[in-house]
Amino acid sequence: GGGGGGVKEERESEEQQESSPSNRLSNKRHRVDSDGEKSDGELVVDEDPLSPAESNHSSEKHSSCSSSKKERTTVGSPCSKKEKVHVSSTARSTSTPVASSNGTINSATSPSTALRPQFPIPPHVHPIAIRPPTCLSGPFPPPFIQTQFPGVDIPTLPFPPSTSKGILPSSITTAALSNGRPPLVPHFPGDIKPSSSAKPYSFRLGSDGQLQPVSIASDSTSLAGLPHNIRSRCTLLHNEVVCAVAINNHNKHVYTGGKGCVKVWDLMSQGSVIKTPLHTLECLGDSYIRSCKLLPDGRTLIVGGETNTLYMWNLVGGTPHIKAQLPSSATACYALAVSADGKACFSCCSDGSIALWDLNTQQLVRQLQGHTDGASCIDISSNTSTLWTGSLDKTVRCWDLREAKQVRQHDFNSQVFSLGYSPMEDWLAVGMESSNVEVLHVKGPEKYQLHLHESCVLSLKFSHTGKWFITTGKDNLINAWRTPYGASIFQVSESSSVLSCDLSIDNAYVVTGSGDKKATIYDVL
């Protein structure tokens, strides 16, 4: 498995708009072209321009994806200055998606033009629920940014050996996929079949190596244990972009991470808008929090973000307080995972390494090296034997924690922004910068590719039964999918990009954090 930056109010004059961090953020596409062109603290997200139809509804000017060179804005602290860098843009393919000869799904050839504008709206989704124009999103910091530290000389950490521009060769052997066992025979679940429709949103990698459209039966989402929809219960006014959220199932609290602090809220709050949190946990100064994770007993919260230090908060008693700080050599942490026994914590570092912390001794045990660009997302198996990590180097890697080594690798043609490992431990879902969601069988060749998002997939979370999962995106959408082939259970649109999400352990509540400085609590129906 798996954003932030300075956000200012809209200015009246053109001069103020030019200097505003929000103006520097909106309508630009950010990309790191190679390890050599980025600092260790830099982790960026691409900003997609509006389509011609959307542009007619927007008062803002958007840059074009079709140009060969364009401006790139460095996103950082509020005092960051606008920087122009020429970078090559990547045009999306309009061809039918295909798989490469080695069986890896080619995310770059997703049918963004041929298919996505003609998506059939699932019958259970009301047209008004489809997202508003991108211009309604308002200014927000992207989920992965380049951090500037004024006056601080940040040393450049060496990257592991890599091939061209840090992207590893796109080859996965059958033996690696199956751990030496014969590969599983691909098959369709009983309620799906190859589709004759020209407008599917789910594709399956066939035995011939091609992506085959999938027709989904009308009753495929009526299975016991699947939700019908979600209903907004209340809005939590965090007043900064909410880059991280977590639900404490023990004390029924919600934690929202933004600029410099985590705010604590009552999960059972009554009222449509909640303005005052129970507590405010100050810890990162002017830096954005990127992840917050609870230990299984709900008594400790670990917070990481755009600093080189993790913070452990003691939540027991009347007022939460910091009980430990975990310093790191990396300039930022973008995602966290905690072992099921609460003894270990894993942090995704901006230099691509994965740090393993012993929470009893509060010491760094080791660092897993392999990613050649910032590690963006992470998830761990329930028995703490297997770790999955995603990165801007366009790979997902599987680590055997008993031997502290990489045992598997999946290569993509798009940066990886989010991932989740099914509690049933048989499926891995991956959210891509390209807007695709990829679902892979972890012990065999079976793969699906889902196309209902229209922009970057910023967060992903499996239900605790593993039967379904949710994704959120820069397109303002929350999508719920049936595992594994992605039957659309529901789709909800918010007013801005949805940067983070979490599910309660009883699958009764969903919490999201968004770019319009709020979090939302939903009841699962």
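Okay, let's start with one pair: Thr256 has Lys263 as its bridge partner in S9. Strands and helices here are DSSP runs, E of at least two residues for strands and H or I of at least four for helices, numbered from the N terminus.

Quick housekeeping. This is a predicted model, so to speak: local features need pLDDT of at least 70, side-chain atom pairs count only at pLDDT 80 or more, and totals for chains, interfaces and linings use all residues. Residues are numbered from 1 along each chain as its sequence is written, and side-chain values use heavy atoms, with hydrogens and water left out.

Back to S9. Strand S8, residues 253-257, runs antiparallel to S9, and 5 bridges join the two. Pairing, by the way, takes at least two DSSP bridges between two strands. S8 and S9 make a hairpin with 3 residues between them, and Gly260 in that turn has a positive phi of about 80°.

What about S11, residues 279-282? That strand is also joined to S9, antiparallel, by 4 bridges. One pair to click on is Cys261 with its bridge partner Glu282 in S11.

So how many of the 6 residues of S9 are buried? It's 5, and the strand is mostly covered. Buried is under 20% relative accessible area, exposed is over 50%, and partly exposed is in between, with a 1.4 Å probe and protein chains only.

Now the largest nonpolar core. That means buried Ala, Val, Leu, Ile, Met, Phe, Trp, Tyr and Cys residues joined through side-chain atoms within 4.5 Å. This one has 16 residues, and Tyr255, Leu301, Val303 and Trp313 have the most contacts inside it. Two or more residues come from each of strands S7 (244-248), S9 (261-266), S12 (289-294), S13 (300-305) and S14 (309-314). S12 gives the most, with 3 residues.

Let's zoom in on Trp313. Leaving aside neighbours within four places in sequence, Trp313 is in contact (heavy atoms within 4.5 Å) with residues including Leu281, Glu282, Leu301, Val303 and Pro320.

Cysteines next. Searching the whole structure gives 0 disulfides, a disulfide being a pair of cysteine sulfur atoms within 2.5 Å. Cys243 is buried at 4% relative accessible area, and Cys398 is buried at 3%.

Last stop: where is Gly420? Gly420 sits in strand S24, residues 416-421, and is buried, with a relative accessible area of 3%. Its C-alpha is 9.9 Å from that of Ser463, which is 43 residues away along the chain.
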